[in-house]
Structures are given as C-alpha cells and as structure tokens.
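Colleague: I would love a close look at a single part of this model. Could you walk me through how its strands pair and what packs around them?

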Amino acid sequence: MKIFLRCMFLLLLLPATVQGQDFKKTEAAIKEYKQWLDLLGAGGVRLWVKLDSTARPHRLYVGEAFDQIDYTWKEQFVETFSSYLAGHPEKFMLIDLFDGKTGAPIGEFGWGGFKLYPNHSAARNESRADK
C-alpha cells in the first residue's frame, strides 16, 4: 500500500513539472514572436504600422511593405501575430486587417483562416495614384 501511495504521489507531481516546462517553452516562443514582430513593425520594415486592441476582433493596420511580400509570407506574418496576441504558439486571436494609409478593410484572420478581400490591391493602387 505504501508503494502504491508513493507512486500515486509521484504521478501527481509529474503533470505539474511538465506544465512548468510547457509554460517556459510557450513563454520563450511568445518572446521570440514579439522580437520578430517588432522588427517588422513601425520602427522597422513597416509590414504593420498600428494595432488597435480596443476592438474585437483586434484591428491590425498594415503598411505598404505588406503588399510587397507574397501571399504565403502574409499568411505566416498574420498567423504569427495572431498567436502572439493569444499568448500561445498553438492558439490564435481573431484579427481584422486594415490598410494603414486609408483605413480600409483589406482582410481577416479567423475561424476560416487567413483571407484577403479581392479589392484590397485595387484600393491600395488608387491610394498611390492620388499622390
């Protein structure tokens, strides 16, 4: 009976240890995401220029550099941003995408995945033509 109780006690401790390790991995991944997103933000490449977290879903305003990358990179960027906002590499936050210059909606990231609206490039081109 003593051996059984000791085994049960050790089994109860095991998940706590694993959860602690998982938390450290999650924390490290989110820190890495933040560093990467800071490089791509307003002070760097300018893929994104502003985040409005007062509304739900979050509103991410993207810069002109966003149009210069291919669809796969856009998707990865928005997915990483979503995980960063959720605070976990395997979870996601809903995001609406807006043009940083015009404020026009250009896409979203949600239950259906990443989606750009068909007219988002046209709106950008009209904005550039106005210059």
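Modeller: Happy to! Let's begin with a term: two strands pair if DSSP finds at least two bridges between them. Helices (H or I, at least four residues) and strands (E, at least two) are DSSP runs, numbered from the N terminus. This is a predicted model, where local features need pLDDT of at least 70, side-chain atom pairs count only at pLDDT 80 or more, and totals for chains, interfaces and linings use all residues. Residues are numbered from 1 along each chain as its sequence is written, and side-chain values use heavy atoms, leaving out hydrogens and water.

Now look at strand 3 (residues 95-99) and strand 4 (residues 105-110): they run antiparallel and are joined by four bridges. One of the partnerships sets isoleucine 95 against phenylalanine 109. The two strands make a hairpin with five residues between them, and in the turn glycine 103 has a positive phi of about 80 degrees.

Strand 4 also pairs with strand 5 (residues 113-116), again antiparallel and over four bridges. Here glutamate 108 stands opposite lysine 115, and two residues separate the strands of this hairpin.

What packs around them? The largest nonpolar core (buried Ala, Val, Leu, Ile, Met, Phe, Trp, Tyr and Cys residues joined through side-chain atoms within 4.5 Å; buried means under 20% relative accessible area, 1.4 Å probe, protein chains only) has 18 residues, and Leu60, Phe66, Phe77, Phe81 and Leu97 touch the most other members. Strand 3, strand 4 and strand 5 are among the elements giving two or more residues to this core. Phenylalanine 66 has contacts (heavy atoms within 4.5 Å) that include Leu97, Ile106, Phe114 and Leu116.

Definitions and conventions: Buried < 20%, exposed > 50% of the residue type's maximum accessible area, 1.4 Å probe, protein only. Lists of a residue's contacts leave out its neighbours within four places in sequence.
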